[in-house]
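The following paragraphs lead the reader through the side-chain contacts of the structure shown below.

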Amino acid sequence: MLKKFDKKDEESGGGSNPFQHLEKSAVLQEARVFNETPINPRKCAHILTKILYLINQGEHLGTTEATEAFFAMTKLFQSNDPTLRRMCYLTIKEMSCIAEDVIIVTSSLTKDMTGKEDNYRGPAVRALCQITDSTMLQAIERYMKQAIVDKVPSVSSSALVSSLHLLKCSFDVVKRWVNEAQEAASSDNIMVQYHALGLLYHVRKNDRLAVSKMISKFTRHGLKSPFAYCMIIRVASKQLEEEDGSRDSPLFDFIESCLRNKHEMVVYEAASAIVNLPGCGAKELAPAVSVLQLFCSSPKAALRYAAVRTLNKVAMKHPSAVTACNLDLENLVTDSNRSIATLAITTLLKTGSESSIDRLMKQISSFMSEISDEFKVVVVQAISALCQKYPRKHTILMNFLFTMLREEGGFEYKRAIVDCIISIIEENSESKETGLSHLCEFIEDCEFTVLATRILHLLGQEGPKTNNPSKYIRFIYNRVVLEHEEVRAGAVSALAKFGAQNEEMLPSILVLLKRCVMDDDNEVRDRATFYLNVLEQKQKALNAGYILNGLTVSIPGLERALQQYTLEPSEKPFDLKSVPLATTPVVEQRTESTPITAVKQPEKVAATRQEIFQEQLAAVPEFHGLGPLFKSSPEPVALTESETEYVIRCTKHTFTDHMVFQFDCTNTLNDQTLENITVQMEPTESYEVLCYVPARSLPYNQPGTCYTLVALPKEDPTAVACTFSCMMKFTVKDCDPTTGETDDEGYEDEYVLEDLEVTVADHIQKVMKLNFEAAWDEVGDEFEKEETFTLSTIKTLEEAVGNIVKFLGMHPCERSDKVPDNKNTHTLLLAGVFRGGHDILVRSRLLLLDTVTMQVTARSSEELPVDVILASVG
Amino acid sequence: MGLLDKLSCLLGLKKKEVHVLCLGLDNSGKTTIINKLKPSNAQAQDIVPTIGFSIEKFKSSSLSFTVFDMSGQGRYRNLWEHYYKEGQAIIFVIDSSDRLRMVVAKEELDTLLNHPDIKHRRIPILFFANKMDLRDAVTSVKVSQLLCLENIKDKPWHICASDAIKGEGLQEGVDWLQEKTIQSNSGCEDMKR
C-alpha cells in the first residue's frame, strides 16, 4: 500500500512527494524504533520504505551503518504483520550487498518458506536466494528442491526464478535440481511451466544435444502456457540458426505449426522467428507473412504495431513477399497511431511500385513533424533504399530530403539525411549539382561540426569537377568568416583543393588563402600558410602530393616513428618510407538492407593489429635488422582442417627484402605435449629460407607461435609469387590428460601441412588516392609500361574488376570498382604502395566483347614494381 | 502502552511480553528446547542446525516469551551481541555430555558476561544442563563447577538438568525464569518510580 502511494505521488509532481527531503542520518536514527517492544508495524513499515527509497535514489550507505540498520530490521521478524514482513523481505534483498552478515536471517527465512502462510513463502524464497552465496547453498538445497515442486504456484515460480539467478554463481549445485524442475515443467500453472522451462533451458544451454532433446520432448507433449511456447520457439530458432540447417528440420516444422496456435502471442512469436531466420526463402516466409497480414487488421494496437514492424523488417530483404500485404498496409497508413502509420508507409515504400511513391511521400510529409526522430530515421532509411531502386525518382526524393534537412532535428537524424544525400550523389552523377548546392545551403546554418566538415570535404572533392566550380567558393569562404575553428580549418582545405585543380580560379583562391593566414587559430593558420606556399609553386606534382592526396601513412605509426627519431637523433633526414602505411579498411559493399550503417571505424583496429605484430616481431632477436614491417596479411590462412589434431594458421609479414611467416599453432590432443616446433618450408621459386624460430612447447589447447624467415629472391626480383610446401616438425611427449604431467621421453614426429601461397598482393599495400589523375601525373611516365591481355575465362566486367582488385591487392580509386550497367568498356584505377615504399598506380582499361580484353598501364617511381605487376598479370 | 493494552493487562487477558535470548554452543539443543516449549500443535517435526537466528514464541502461565534462538555455530557466535540489548533474560544451554567443549562453553559465557550490554544489568540467566539422557553426561552440579557459575554474583542464575527430547526439566526452568523476570521487571519499575 505504501509503495503504491509513493508511486502516485512521484507521478503527480515533485511537490507532494513525502520522501523528497529525506536525510540519511535522520532515517537511520529513526530505524532504532525497530528495537522497541512492542513493535508498531505501521511505523516500522514506513521507516523501511524510507530506507528503501534512499537506497534506490542512489544514496550510499556505509557498511557499518547498513549493518546496524539491517540487524535492527531482523528484530521485526517477531511481528506477524503481513505488510511489515513483506517490507522486511524487500529490505533484505536491497541490503544483501551493502550490509555484512546478512546470513543471519537464513533460519528466519527458511522458517517462513516452509511455514503455513502462503503469502510469505514465495517472497521468502526470493529473499533467501538473494542472501545465499555458493558456500551456503548446500544448507538450503533441500528446501529449494521442495519449493520447486510446491503445489502453490507462487512458491514454485519464486523458487524457479531464484534458481535461475543462482545458476550464475553455483551452476553445479543448481544442476542437481533438474529433476524437480522437470516436474514443475508439467505444472498446470502457466507461469510455473514457463519458469521451469526457462531454468531447464539455461541449465542445458551449453549442451546442444540436450537442448534438442528437450525441445522435441516438449513439442511432442504440447504445453499449456503460451509463455512457455514463446520460449521454446526462441530456443528452437536459435538452435536452427546454429545448425544453419535445412528447412525440413523438425524444429522448423514445429515453429511453423505454432502459427496455428490459439494464442496470438505464440502466433506472433512464431512468425517473427521465421522472418528472422537467416536464409529464409519466399516459400517459408509466405505462411508467416499471411499471419502478420491478419494481425494488421486486428483491433489491438500492440498487435498491429508488432505486425507492421516485423513486415517492415521483412521488406528490407524480401520486398516481394510483403507485396501481398500492400492493401492491408494501405489501410494502416491513416492509422491514428503515428508509429504504426510511419512503419506502414516505409514498408510500402519498399514494396510498392514506382508510381505510388509520389502519393506516399505526400502522405508521410503531412505528419512528418509529429513523429519522433527515431522514426524519422526509419523514413530516411526507406528513402535511401528507394533511391537505389529507382534512380529516376531522385529529384522528388532529394527535394523531400532537403525539406527534412531544413527542419529541426537531432544529430542522428541529420546525419542519416546527410549520409543518404551523399550516397545519392555518389550513385547518381545527374544529381550531383543539385545535391551539392542543397548541401551548401545546409551548411550555411548547420549546428553540427561533424556534418559541416564532412560536407566541406565533399565539396572540396567534388566541387572542382563540376561545370561551374566558382559558385561554391562563396559558401566555403563564408564558413571561414563565420564558423568556429574546426569548420574554418575544413573550409581552408576545401578552398585549397579548388585552387589546385582549377587554373582560372587560382589567383582568387590565393587571395582568399592569404586572408586566412591572419586567422586566430593555429591549425587554420598553419593549413592556410602551407597550402598557400604549395599553390604558389604552381607545380602539378606538388599539388597532387600535398593537397589532393593526403598522407597515406598510419597516424599512430607516424607519431611513434617521429618520437623514435627525436630520441635517437641521426645525421640522416627522417625517412617517411619507414613509417607503416595506413591499412585502408575494406569498404563493404553497401547492401540494400543496410543503406545507412553506423559509421564504423575498422581503420583504427587494423592499424593497431599491425602494430601488435610489429611489437611481437621486434621481440624476436633473429628479426632485428629487417627494417620496418611493411605489411601483414589481413586474415590468417589456415594450413590444416579445423577439426584435426593440430590447428595451424599462418600470417604473412612482408619486410623490404624479407618475409616472415608466423605460424599460430594449437594442439588439440589432451594427451600430448609438443616441443621444439618448427615449420619447414620448401619454396618453388628462388626464395631462400634463412632461419626457423621454433616454439618451445605447446601444451594442450594453449596457442603457441613459431616463425620462419625467408629472403626474397635477388636474382630474379620479379618472381615474387611463389608456393611453399610446408611440413611441421616437432617432438611429441605423452602426457596424462587429467594431471597434465608429461613423460620425460619424447619422440620426433612430422606433420604435413597444406601449401602456402605468396602472391603479388602480399607485396603491395592498399592506398586510397582521392584524386587518381593528380597522383598519376605526379608519378610521371618515366617507368610506365603497358601491355594487353585477354581474360578468356571471364564473362562480365564486374567479375573482371573483382578479380583484378583481389589479385593485385590494390585500392580501387574514384569508385572505379563499380561498373555501370549496360556498358561494354570500363576503366579500373588502382593505387597501392609496393614494399620499400614506392607508389604504384595501375590503370586497366577493360573491353567486353565475347571475352574481356584488358589493357594494363602501370606507373611507379621505380622500375621493379612495374615489372612485378606486369609479370604477375601475364 | 496504550490504554487498551493496560486494561487487558490488568484483566489478565493479554500476557506481558518478555524477550529471551537462547544461547549456547552448536549442537547443545537450543532449538530443540524452544521447540518443546511451544504448544504441541506448533511444534516442528525435525530440527536442523539454525543458521543465523530464528524468532519463536511460547507462553508460560503468566508471561509470553519471545525467544531469539541464536545459532551456536562458531562463525555466527559473534552475531549474538547484536541482540543483547533487548534481551530481558538469557537461556544458556550446555551439552552435558560434551566435556571436551565445556571450556569453549565457559569462554563464550565469560565473553557474554563481560559484554558492556550485559555486565551491569541484573539480567536473569537460566542454564540448562541438557542431554541428561546420554550415558556419559555429567551432573548439573559438575557442570556448574566446570563453568565456575559460583563466580556470578550480580545476576540471578539457576541451573537445571534437562532432557529436551523428552521434555524433562524444562518446565522447572521456565517457572524459575518467569518468577525472576517478573521480579526484575517490577524492580525496574520500582526504580523508575
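A residue is called buried when its relative accessible area is under 20%, exposed when that area is over 50%, and partly exposed in between, with a 1.4 Å probe and protein chains only. This is a predicted model, in which local features need pLDDT of at least 70 and side-chain atom pairs count only at pLDDT 80 or more, while totals for chains, interfaces and linings use all residues. Residues are numbered from 1 along each chain as its sequence is written, chains are lettered from A and ligands numbered from 1 in the order in which they are written, and side-chain values use heavy atoms, leaving out hydrogens and water.

Salt bridges, each a side-chain nitrogen of Lys or Arg within 4 Å of a carboxyl oxygen of Asp or Glu, number 35 over all chains. In A:Arg415 and A:Glu412 the two side chains meet at 3.6 Å, N to O. Both belong to helix α25 (residues 411–427) of chain A, and because they are 3 residues apart, about one helical turn separates them; helices (H or I, at least four residues) and strands (E, at least two) are DSSP runs, numbered from the N terminus. A:Arg415 counts as buried because its relative accessibility is 18%, whereas A:Glu412, at 48%, is partly exposed.

Helix α25 also holds A:Asp419, which is linked to A:Arg454 in helix α27 (residues 449–462) of chain A, 35 residues apart. Their salt bridge spans 2.5 Å, N to O. A:Asp419 is buried at 8%, and A:Arg454 is partly exposed at 31%. In chain B, a network of salt bridges links B:Asp26, B:Arg77, B:Asp98, B:Arg101 and B:Glu108.

Aromatic rings form a further set of contacts. Rings of Phe, Tyr and Trp (its six-membered ring) pair if their centres lie within 6.5 Å; planes under 30 degrees apart count as stacked, over 60 as edge-to-face and the rest as tilted. There are 18 aromatic pairs over all chains. The pair of B:Phe68 and B:Tyr83 is tilted, because the planes stand at 35°, with ring centres 5.4 Å apart. Both B:Phe68 and B:Tyr83 are buried. These two residues also belong to a cluster of ring pairs with A:Phe70, A:Phe71 and B:Phe53.

Finally, the structure holds 0 disulfides over all chains, a disulfide being a pair of cysteine sulfur atoms within 2.5 Å. Why does A:Cys129 form no bond with A:Cys169? The sulfur of A:Cys169 is the closest cysteine sulfur to that of A:Cys129, but at 9.7 Å it is too far for a bond.
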